[in-house]
There are 2 protein chains.
Amino acid sequence: MDIAEADGRLLDAAESLFYEHGVQAVGMDRIRAASGVSLKRLYQRFPSKEVLVEAYLRRRDERWRGALAAYVATCPVAARPLAVFDWLEEWFGEPDFRGCAFINAYGELGTGSPAVAEAVRDHKAEVLRYLTGLVRAAGVPEPGPVAGQLAVLADGAITTAAVTGTPGAARRAREAAAVLLEAAGGVTAAESGPVRG
Amino acid sequence: MDIAEADGRLLDAAESLFYEHGVQAVGMDRIRAASGVSLKRLYQRFPSKEVLVEAYLRRRDERWRGALAAYVATCPVAARPLAVFDWLEEWFGEPDFRGCAFINAYGELGTGSPAVAEAVRDHKAEVLRYLTGLVRAAGVPEPGPVAGQLAVLADGAITTAAVTGTPGAARRAREAAAVLLEAAGGVTAAESGPVRG
DNA sequence: TAGCCTAGAGAACGATCGTTCTCCGCGCCA
DNA sequence: TGGCGCGGAGAACGATCGTTCTCTAGGCTA
C-alpha cells in the first residue's frame, strides 16, 4: 500500500466515523481498524488527532462543494441559486445524513482547537463565495446581501433537517429563497421552475 | 445547602461548562469543582452524565424560550415576528455566545443518546410552535409555512453567527424574514419598523 | 454523653483515550 | 545467501474518563 492509498483509506475512515459519531466519540484505534492502516503509519501521516480532524474537514469541504457545484452546473444559469436547495433535499434524504460536519465539529471542538475553527470558517466562507457567484450570474444586480440570506437559509435547512430527521426543511428553504430572489433580482428566478418535483 | 440549591448550582455549572466547551470535553469532576456540590450528591440527584446533560438541555430550553418571549412581548403584535431576530442579534453579541446549545449537543451526542436527541427535537418543536403563534397573531392567514421559514432562518443565523463570530447574520435573517412576511401576510409586517437600529 | 445517620473529601476502580514503544517477519542489496 | 531496514501487530504508558467506595467529621435523638 503506497502513501496515497494509505492517506485515502485513513481519510475515508475518519470521515465516515467522525461524521457519524462525532470526533470525540471515535478513538484513533477505531480509525486504524476501519482503515486497515497500522497505527504507526497513521501517526506518520497525521502526527496527531487534531491534524487528522483538520485534514478530514478540508477534504470534506472540497468534496462537498464539488458535489454541489457538479449538480448545480447541470441547471440553467437562472435556476442555479434555487438548485442548491434541490441538491440539499437529495442530501438530506441520504441514510447517513447527520447535519453539517463543519458545524458539528465546530460545536464539539471550536473553543479548543483553532485549526478546526479555521477550517470551519474557511468552508463557510467558500460556500458564501460560491453562492454569491451563482446569484450574480442569475442576474441579481447586488448579489451580496441575497447570497448571505441564501447561505443562512441553507445552514438553517441543514440543521433543521438533521434534528427533525426529515428533508422537508429543504423545500421550505427553497420557497423562501425563491421569494427573496424575486424580491431582490431583476430576473424572475423563482419562475424558472423547480428542478425536482 | 438544600436539594433545590444543589440542583441549581449543578445545572448552572453544567450549563456554563457544557455550553462553552462541549459535553464530552467536560468531566463530572469539573462540574463538581465548579458547582461546589460533592460528587456523591451530584450522583444522587443526577444518576448519570446523560441524565445531567438532558436536564441541562431541558432547563436551558425553558430559560431560552422564556427570555425570547419576554423580549418579544414588549413589542406590538405586528412587529413580534421580526423582533425575534432583534433578540437574536443581542444574544449573538454576548461574549459567551457559542451557537445553539441544542444543535451542538445533537451533533456531539445525537447518534449515541436518544434522550439527548429527543430533548433537542422537543426544543426545536417548541420554538416552531412559538413562532407559528407569533406569525398568526401578526395577521398572516396561513402561518405554518412562514413560521417554518422563520425557524429555518433563525437556526441558520445562529450557526452562521457562531462560526463567523459576528452578529451580522441576525440582520440578514431579519431582512429576509421581513420580505417573507410581507410576501405571505395580509399585514405589512415589514413596515412596522425595526425595533433596534 | 453515647450512638447513629448523613454528607463531604477524595481515593480507588475499571475502562478508554492519544500516543509511543517493542518485537517480529518480510523484502532488498551485496 | 546473509545482514539490514522498513512496516505491521499490538502491548505499554500515562492521563483522564464516569462511577463507586472508603473514611472521617458533625448534628440529631435517647
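This report describes a predicted model with two protein chains, A and B, and two DNA strands, C and D.

## Confidence and overall build

The average pLDDT of chain A is 94, and 94% of the residues of this chain score at least 70. Residues 189-197 of chain A are the stretch where the pLDDT is below 50, although in the model this stretch still has 20 contacts beyond near neighbours in sequence. Where pLDDT is low, the predicted coordinates should not be read in detail.

Chain A contains nine helices and zero strands, so that the order of elements from the N terminus on reads α-α-α-α-α-α-α-α-α. The C-alpha trace of chain A spans about 60 × 35 × 30 Å along its principal axes, and buried residues make up 47% of the 197 residues of the chain. Among the contacts in chain A with a separation of 6 or more, 63% are between residues 24 or more positions apart in sequence.

## Helices α1 and α4

Helix α1 of chain A has 19 residues, which at 1.5 Å a residue should span 27 Å, and the end C-alpha atoms of α1(A) are indeed 27 Å apart, in agreement with that expectation. The buried residues of α1(A) are A:L10, A:L11, A:A13, A:A14, A:L17, A:F18 and A:Y19, and what covers them includes α2, α3, α4 (49-72) and α6 of chain A. After α1(A) comes A:G22, a residue whose phi is positive, near 90 degrees.

Helix α4 of chain A, with 24 residues, should span 34 Å at 1.5 Å a residue, and the distance of 34 Å between its end C-alpha atoms agrees. In this helix A:L52, A:V53, A:E54, A:Y56, A:L57, A:R60 and A:V72 are buried, and their cover includes α1, α5 (80-93), α6 and α7 of chain A. In chain B, the 24 residues of helix α4 should likewise span 34 Å, which agrees with end C-alpha atoms 34 Å apart. The buried residues of α4(B) are B:L52, B:V53, B:E54, B:Y56, B:L57, B:R60 and B:V72, and they pack against α1 (3-21), α5 (80-93), α6 (101-109) and α7 (114-137) of chain B.

## A position in α7 of chain B

B:A119 lies in helix α7 of chain B. This residue counts as buried because 21 other C-beta atoms lie within 10 Å, where 20 or more are needed. Leaving aside neighbours within four places in sequence, B:A119 is in contact with B:E54, B:L57 and B:R58; of these, B:E54 and B:L57 are among the buried residues of α4(B). B:A119 and B:A33, by comparison, are 86 residues apart in sequence and 26 Å apart in space, C-alpha to C-alpha.

## How the two chains meet

Between the two protein chains, 39 residues of chain A are in contact with 39 residues of chain B. On the side of chain A that touches chain B, two or more residues come from each of α1 (3-21), α6 (101-109), α7 (114-137), α8 (143-164) and α9 (168-184), and α8(A) gives the most, with 15 residues. By class, this side of chain A has 18 nonpolar, 14 polar and seven charged residues.

A turn of 180 degrees, with a shift of 0.0 Å along the axis, lays chain A on chain B with an RMSD of 0.0 Å, and the two copies are thus related as by a two-fold rotation axis. In chain A, the C-alpha nearest the axis belongs to A:G156, at 1.8 Å from it. Because 100% of the interface residues of chain A are also interface residues in chain B, the copies meet through the same surface.

## Surfaces near the DNA

There are 13 residues around DNA strand C, of which A:G27, A:S48, A:K49, B:S38 and B:R41 come nearest. The elements that give two or more residues to this surface are α2 (28-35) and α3 (39-45) of chain A together with α3 (39-45) of chain B. By class, the surface near strand C has five nonpolar, three polar and five charged residues.

Around DNA strand D there are also 13 residues, and A:S38, A:R41, B:G27, B:S48 and B:K49 come nearest. Here α3 of chain A, along with α2 (28-35) and α3 of chain B, each supply at least two residues, and the surface near strand D has five nonpolar, three polar and five charged residues.

Notes: Residues numbered from 1 in each chain as written. Chains lettered and ligands numbered in written order. Predicted model: local features only at pLDDT ≥ 70, side-chain atom pairs only at ≥ 80, totals over all residues. Contact = placed C-beta atoms within 7 Å. Helix = DSSP H or I, 4+ residues; strand = E, 2+ residues; numbered from the N terminus. Nonpolar A, V, L, I, M, F, W, Y, C, P; charged D, E, K, R; others polar. Least-squares fit on C-alpha atoms with pLDDT ≥ 70 in both. Near = placed C-beta within 6 Å. Expected span 1.5 Å × (residues − 1). Buried ≥ 20, exposed ≤ 12 C-beta atoms within 10 Å, placed from the backbone. pLDDT = per-residue confidence, 0-100.
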